[in-house]
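Please look over the sequence and the structure shown here before reading the report. It takes up the domains, the sheets and the surroundings of the ligand in turn.

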Amino acid sequence: TRPLLSIAGLSASYGTPRGPASALAQIDLELGKGENLGLIGESGCGKSTLLKTVMGVMPGNARIDAGHIAFQGRDLVSASPEQRRAVRWAGISMVTQSALNALNPVLRVGDQIAEAILAHRQVSRAEAWRRTQELLAMVGVAPERARDYPHQFSGGMRQRAIIAMALALEPPLVLADEPTTALDVVVQDQIFRSLRELQQRLGFSLLLVTHDLALVIENCERVAVMYAGQIVETGPTRDVIRRPAHPYTLGLKNALPRLGSRDEPIAIPGGPPDLVDPPPGCRFAARCPFALPLCRSEPPQLATVAPGRRARCHRAAEIDALAPLAALPQT
Ligand code: ATP
Ligand code: MG
C-alpha cells in the first residue's frame, strides 16, 4: 500500500551572506498510516527545517532545490499555494516546542481552537465550541477551562491545548518538533500517554523530532537519524539502537550515559561541517573513527543494509566488526 508521506530526493537550502547553506540534502523518508517515526540528530542537523518544509512554512530565505514530498499520493513541492493551504492543518498539522508563542495571549484558549475549526469546517459556532470542549477533554484539560486565557494555564496545559489545536481538524499526519522539551519528565510522560490514546482513536501518523532517545524508544516503531542535513540511517527503533549501522548512530549511542554501566559516555569529538561548503565525500567523514580515503572523496548513498534498514555509509557492511572499536576512548 501507498505510504501516507513519501519524501524522495528532497534538497533545500537557506540563503546566507556567504551563499546557500545546504540544510537538507537528498532526504528520502517514508511514513505509513498510523505509524510513528522518530527523527533524531544533534542540534543544527536540519530536523526543524525538514518539518517546516513538509508543513510548507519555510522562512523567506529558504528554498527547495530538488525532490518531492508526496502526501496521500499528491506532490506538495509542485502544489499551488491554494492546494498547499488546503493540506495545512486539515491534512498535516504541526506542534512546536514554543507553545507560548503558538497561543494568542489575549484570546480565550477555547475560542482559539473553535476559530481554527470554524475557519476550515462548515459548522455552527455552537458545534465548534462543543468540539473544542471535547478536544480539550481528550488531551486531558477540563472542558470548563476552555474559557480561560493562556496565562491561566500551566506550561503542561498550554502544550496540551496546542496539541488539541493540532488535532482539531483530525489531520492524518501530525508533525511534532520537540513537543515536550520545555516540560518536566512527569508532565512529558502524561502528554505522551494522552497522545498515544488519541492515536488509537484518531489513527494519525506522528513524525516526532526529539533529542530524547528514550521518547523515541517508547513511542516510535521506526527512527530516522539525521546528520548535517542528511538522513544517515533509518530502521526499526529497537534494531537501530541495539545495532547501529552507521558510525554516527554508534557515536550517539556511546554518548548516552548507560544505566548500570561504569563506562563513561563518550561524546563524538568535533563538530558538524560548514553547510555552505560541505565536504565532497561523506558529511560525517571528518568525525568518523572509521573513515577511509574513499569516504573523504565519494559521498555514500542511503542504501538498504538489511530488510527495512538503510544506512548512508561506505563501511555499513563492516559495522559489526568496527563497532566495538568505537566504544574505546579516542586517543
Ligand atoms: P535543533 O535541534 O537545535 O532544533 P535542528 O536540527 O532543528 O536543530 P535546523 O533548525 O533545521 O536544525 O537548522 C539546520 C541548519 O540550518 C542549521 O545550520 C541552522 O543554522 C540553519 N538555519 C536554520 N534556519 C535558518 C535560517 N532561517 N537562515 C539561515 N540558516 C538557517
Ligand atoms: Mg529544531
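The sections below describe a predicted model.

## Domain division

The protein chain is divided into domain 1, which covers residues 5–220, and domain 2, which is made of the two segments 224–257 and 264–326. Taken over C-alpha atoms, the centres of domain 1 and domain 2 are separated by 28 Å.

## Where the domains touch

Between the two domains, 25 residues of domain 1 are in contact with 16 residues of domain 2. On the side of domain 1 that touches domain 2, at least two residues each are supplied by strand E2 (21–31), strand E3 (36–40) and helix H8 (213–219), and E2 gives the most, with 9 residues. Sorted by class, this side of domain 1 has 14 nonpolar, 8 polar and 3 charged residues.

## The sheet of eight strands

An open sheet of 8 strands, with mixed pairing, follows the order E6-E7-E8-E3-E9-E10-E12-E11. Its edge strands are E6 (92–95) and E11 (303–306), each of which pairs on one side only. On average, and with direction ignored, neighbouring strands of this sheet are turned by 25 degrees against each other.

Within this order, strand E7 (residues 173–177) and strand E8 (residues 205–209) run parallel and are joined by 5 bridges. One residue pair that can be located on the model is Leu-175 with its bridge partner in E8, Leu-207.

## The sheet of four strands

A further open sheet is formed by 4 strands in the order E2-E1-E4-E5, and here the pairing is antiparallel. The edge strands are E2 and E5 (74–75), each pairing on one side only. Strand E1 (residues 5–14) and strand E4 (residues 62–71) run antiparallel and are joined by 8 bridges, and the bridge partner of Leu-5 in E4 is Phe-71.

Helix H1 lies across E1, E2 and E4, and runs at about 65 degrees to E2.

## Surroundings of ligand 1

Ligand 1 is surrounded by 14 residues, of which the closest are Tyr-14, Ser-43, Lys-47, Ser-48 and Thr-49. The elements that give two or more residues to this shell are E2 and helix H1 (47–55), and the largest share, 3 residues, comes from H1. By class, the shell around ligand 1 divides into 6 nonpolar residues, 7 polar residues and 1 charged residue.

E2 thus appears in several parts of this report: as an edge strand of the sheet of 4 strands, as a contributor to the shell around ligand 1, and as the element that gives the most to the side of domain 1 that touches domain 2.

How values were computed: Residues numbered from 1 in each chain as written. Chains lettered and ligands numbered in written order. Predicted model: local features only at pLDDT ≥ 70, side-chain atom pairs only at ≥ 80, totals over all residues. Pairing = 2+ DSSP bridges. Axes fitted to C-alpha atoms, helices over the stretch in contact; angles between N-to-C directions. Domains from an automatic or database assignment. Contact = placed C-beta atoms within 7 Å. Nonpolar A, V, L, I, M, F, W, Y, C, P; charged D, E, K, R; others polar. Near = placed C-beta within 6 Å.
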